Each structure stands twice: as C-alpha cells, then as structure tokens.
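Visitor: I would like to learn how to read the packing of side chains in a model. Where should we begin?

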Amino acid sequence: MSRPAAVAGPPSTTASATSTRTYALLILALINLVNYLDRYIVTVALPYIQRDFKLDNTQAGMLGSFFMVVFMLASPISGFLGDRMPRRYLVAAGVLLWSLATGASGLAASFTALMVARACVGIGEAGYGAVAPSIISDLYPREQRTRVLSFFYIAIPVGAAAGYGLGGWLSEAYSWHMAFFVGGVPGLVLGVMALFMPEPERGAMDGPEAQKKLPFLEGLRGLGRNDAFWWTTAGYTLMTFAIGGLAFWLPSFLVNERGLVADKAGFLSGAVTAVAGLSGTVVGGALGDKMDRRRPGGGLRLSGVGLLIAAPLMYFSVQVGSLELMFALVFLAQFFLFLNSGPINAAIVNAVPPAFRAFAMGLNVLFIHMLGDALSPTAIGKLADMRSLGFAIEVNAVPVILGGLALLMASKAFQRQNA
C-alpha cells in the first residue's frame, strides 16, 4: 500500500504535509478541549443538581462514576474498530454523539434521565479518546511525539477550566440546564470538521519495518507480556483516580466547606487548573522529549518524580486555613500532576506496535477509568458522608504516591524493552 502524500515523509518534506498534519492536530486538540469542557461542566453545576434532585454526596458521586463506567467499557471496542477502519469516522461520530447528549443533559427532568444522558456522553467520548493518540502517532515521528501529545493534552486543563468557569457562571446566572445547552454546541461544529482530517497510514512514522497488520490474538499475547505498558497503565490508573476525584469534588469543597458561591468557586478552580495544567503540560512535553533522548523511559521517570512531589502538596492543600495558601498548594500539586500528560501517553503509543495502538489505548482507557476515576467520585463522596470532604481529599494523596512508584517501575521496564 502506498503512503498518502500528505503524511508520507518526515516533518520537513513538504509544506503541504506540514499544514495537513497541523490541521489534524489542531482539530483533535480542539475536540479534546470541548471533551473536557463538557465533562467538567457537571462538576461545578453539581450543587444545583443536588439541590433540584435532592441527592446526597454518594448519589452525586454516582453521576460521575456511571459516566466513567460507560466510557471505559466502550473504549476497547472503539480501539478495536480504530485499528480496522478509518479513524476519522469514529472521531466524527463520537463527537457528534456526545455533543447532542450534553445538550440532552440539560433537558433531564429526573436524576435517572440525567444518568442516561451522561452515559451517552461516555459512549461518544470513547469513540474519540481511544483513537486520537494513534492518529497523532502516525502523523509525527517518535522523537517529537511527547511534545506533540503534550500540545494535544493541553486541552485537558484548558477545557476543564472552561467547563468550571462556563458551568459556574451559567448555573449561577441562569440554570444548570443552560450550562449543558451551551456546552453541547461547539462539538457539533468540530464533529463535521473532523470528517475532513487526513487518515494517515498506520505506522507511517515508524519506518518500513513497522508491522502494518497484526492478528488480534497475536497482538493481545504480545501486550500481555509488555511490562512497560502494564506498569505505565498502573501508574496512570492511580494518578487518574486521584486527579479525577479531586477535579470532581473541588468546586463542591469550596462551596460547602469554604463558603464560596458556585460561580466564584468555578472561576477560581478553573483559573488555577488552566494555568497549572497548561504550564505543567508544556514543561512536561519539553522535558519528556529531552529525557527520552538521553535514555529510553526517561519521560516516565520524570512522571514518577512529578507524582511523588504532588502527593504531599495535595495533602496539605486542604489543611491550611488561608484560601490564598490553599490555592497556591493546589496550583503546585496540579502542575506536577499535569507534568505527566505527554510523557505517559507517548510511552504507551511507543511501547506497542503501530497496528495495535488504538486497541492498546482503548484498553489503557478501560483500566485507568475502571480502577481510577470511575471509582473515585463515589469513593470520595462516601468518605465525605462518613467524615468530611476535606478528609476525603487528604486521603486522596495516597494513590498519587503509589502512582509515582509505579511509573518509576515503568521507566525501568521501558529501558529493558528498548535496550
């Protein structure tokens, strides 16, 4: 099979190739931003939803957990399809589905109806999340992937901040229903634009020796023996548990235990998340590429150290009395957490064959959410009902420490695999 001209060569081959893959990267990054905007609107609207539907913290946590359960179960299926069909169609269909479902969330007249709408958001996000990194890895060479994937994952803190700010403002000024209506609009436009992205050949940037096709069972056996993949997934899962729980409950903590109104809580949470996440992701991408060039697994080592630094910062952030000092500690904790976005995802796509990347990403998504942020909103809500939300966030620092240790093990495994 001949390689498409638009994505055939290295980055400097032609201006056309550069502009084509830049278009694809930009569209995927904007979709990722809207993805997290839609996901985090619900967190800052949560106090209003709890009031209208008369929910306790455990029930409210289930709203986040149920979304994640559906998302994680659909992701391996999306990954399987992404290794076998044009990926841009999966991306476009997923974005259109979750955007419509976000708007439908605003129409929910009961807690059950809202749960169903959020489940549809999860199915749509799975159609996109599992395949987007594999598209990017086929557009850019290995030595640029950490930096490029960091640009892609900048959308997480920026989208989360937009969701916090937009959701808080619209919920306070109008209603939580309006927040969902507005949040669903941008994805409808981006879903159509995704249909015009290039569809790169699988393994296009991995050299002529890259395996273009791989029988599913053979790929599954190889993945089962891949220590670098599994240690990375373990560390990523523990990090996702912690950061997902913190992101879900931080606005409610500010409202219920620090006395802020929802729009101010959303604005402050969003501003801190945006600045810390943006700077952490950019720094992590630049340092990760440099450390990977020095030795295989260098970016994963950076990620592990980042989590070990973030854990005590997260713990002490809810113990201090000063609001300013609390946000300073939250900022530093999030900086070191987001330091890992590019290195971890680059390690995953680099650790598996090109023909199996979409499924490997889907399987990774399954585990990081099944054992991560599908559990943490409900678990933290249960701890909050038993004692306090501040105590639950303190305990949430433990998986961050364990995640850092797992990523250090992943770095060693990656080094052995590439020796």
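Guide: What follows goes through aromatic pairs, charges over rings, the nonpolar core and two helices. This is a predicted model, in which local features need pLDDT of at least 70, side-chain atom pairs count only at pLDDT 80 or more, and totals for chains, interfaces and linings use all residues. Residues are numbered from 1 along each chain as its sequence is written, and side-chain values use heavy atoms, with hydrogens and water left out.

Visitor: How many aromatic pairs are there in the whole structure?

Guide: Rings of Phe, Tyr and Trp (its six-membered ring) pair if their centres lie within 6.5 Å; planes under 30 degrees apart count as stacked, over 60 as edge-to-face and the rest as tilted. The search finds 12 such pairs. One of them is Phe-67 with Phe-71, stacked at 6.0 Å centre to centre with 5° between the planes. Both residues lie in helix H2 (residues 57-82), 4 residues apart, about one turn of the helix. Helices here (H or I, at least four residues) are DSSP runs, numbered from the N terminus. Phe-67 and Phe-71 are both buried, where buried means under 20% relative accessible area, exposed over 50% and partly exposed in between (1.4 Å probe, protein chains only).

Visitor: Which geometry do Trp-230 and Phe-367 have, and why?

Guide: The pair is edge-to-face, because the ring centres are 5.5 Å apart and the planes stand at 90°. Trp-230 belongs to helix H11 (residues 227-256) and Phe-367 to helix H16 (residues 357-373), so the pair ties together parts that are 137 residues apart in sequence. Trp-230 is partly exposed at 30% relative accessible area, and Phe-367 is partly exposed at 24%. Elsewhere, ring pairs join Trp-98, Tyr-128, Phe-152 and Tyr-153 into a cluster.

Visitor: Where does a charged end sit over a ring?

Guide: The criterion is that NZ of Lys or CZ of Arg is within 6 Å of the ring centre and within 35 degrees of the ring normal. Arg-21 meets it over Tyr-140, 5.3 Å from the ring centre, and Arg-387 over Phe-391, 4.1 Å from the ring centre. Arg-387 is in the loop between H17 and H18 and counts as exposed, at 61% relative accessibility.

Visitor: Which residues have the most contacts inside the largest nonpolar core?

Guide: A nonpolar core is a set of buried Ala, Val, Leu, Ile, Met, Phe, Trp, Tyr and Cys residues joined through side-chain atoms within 4.5 Å. The largest has 124 residues, and Leu-28, Ile-31, Ile-49 and Val-91 have the most contacts inside it. Helix H1 (residues 15-53) gives the largest share of this core, 17 residues. Contact means heavy atoms within 4.5 Å. Leaving aside neighbours within four places in sequence, Val-91 has contacts that include Leu-28, Ile-31, Tyr-128 and Met-197.

Visitor: Which residues of helix H17 are buried?

Guide: In H17 (residues 376-386) they are Ser-376, Pro-377, Ile-380, Gly-381 and Ala-384. Seen down the axis, the buried residues of H17 fall within an arc of 130° (taken from the directions from the helix axis to the C-beta atoms), so they line one face of the helix. Their cover includes H2, H11, H16 and helix H18 (389-395).

Visitor: How many residues of helix H15 are buried?

Guide: In H15 (residues 341-351), 11 of its 11 residues are buried. One of them is Asn-350, with a relative accessible area of 12%. Not counting residues up to four places away in sequence, Asn-350 touches Arg-142, Arg-145 and Phe-414.

Notes. Helix = DSSP H or I, 4+ residues; strand = E, 2+ residues; numbered from the N terminus.
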